[in-house]
Amino acid sequence: MLPVKKTTRVYHTLDEIRQRKEELAEQIAGDNTQFSTLWNQTFKKKEDSTKGEYFASLVSNGFVAFDLFLTARKLMKTYGLLTGKSKKKKRK
């Protein structure tokens, strides 16, 4: 968050007030263009990928999903108590 400058100015004429108003309008316009530039950079549209890149991303996402499944299965098996399924030992 940007620091807020708290300055007080004493205005004696309407021309000083109008001049300050114009300065602030220019500053706001500059900030607006900078903000819109940053906003557009944040949400850039993805460039079209080739078929090879598309297939590589599918395979990569598949491996990630499979790894997530195995990890979740192992955690459920080890720490079943967290999910409400507890392993109760039977007494003989």
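**Exercise 1.** Work out how Arg 18 is classed by its accessibility and which side chain it meets in a salt bridge.

*Solution.* Arg 18 has a relative accessible area of 49% and is therefore partly exposed, where buried means under 20%, exposed over 50% and partly exposed in between, with a 1.4 Å probe and protein chains only. The next step is the partner: the side chain of Arg 18 meets that of Asp 15 in a salt bridge at 3.4 Å, N to O, the term standing for a side-chain nitrogen of Lys or Arg within 4 Å of a carboxyl oxygen of Asp or Glu. The two residues are three apart in helix α1, so about one helical turn separates them; helices here are DSSP runs (H or I, at least four residues), numbered from the N terminus. Asp 15, at 54% relative accessibility, counts as exposed.

The model is predicted, so local features need pLDDT of at least 70 and side-chain atom pairs count only at pLDDT 80 or more, whereas totals for chains, interfaces and linings use all residues. Residues are numbered from 1 along each chain as its sequence is written, and side-chain values use heavy atoms, with hydrogens and water left out.

**Exercise 2.** Find which residues are joined into one network by salt bridges that share partners.

*Solution.* Begin with Glu 23, whose side chain meets that of Arg 20 in a salt bridge at 3.6 Å, N to O. Glu 23 also forms a salt bridge with Arg 9, at 4.0 Å, and this pair links distant parts of the chain, since Arg 9 lies in the segment before α1 and Glu 23 in helix α1, 14 residues apart. Shared partners thus join Arg 9, Arg 20 and Glu 23 into one network.
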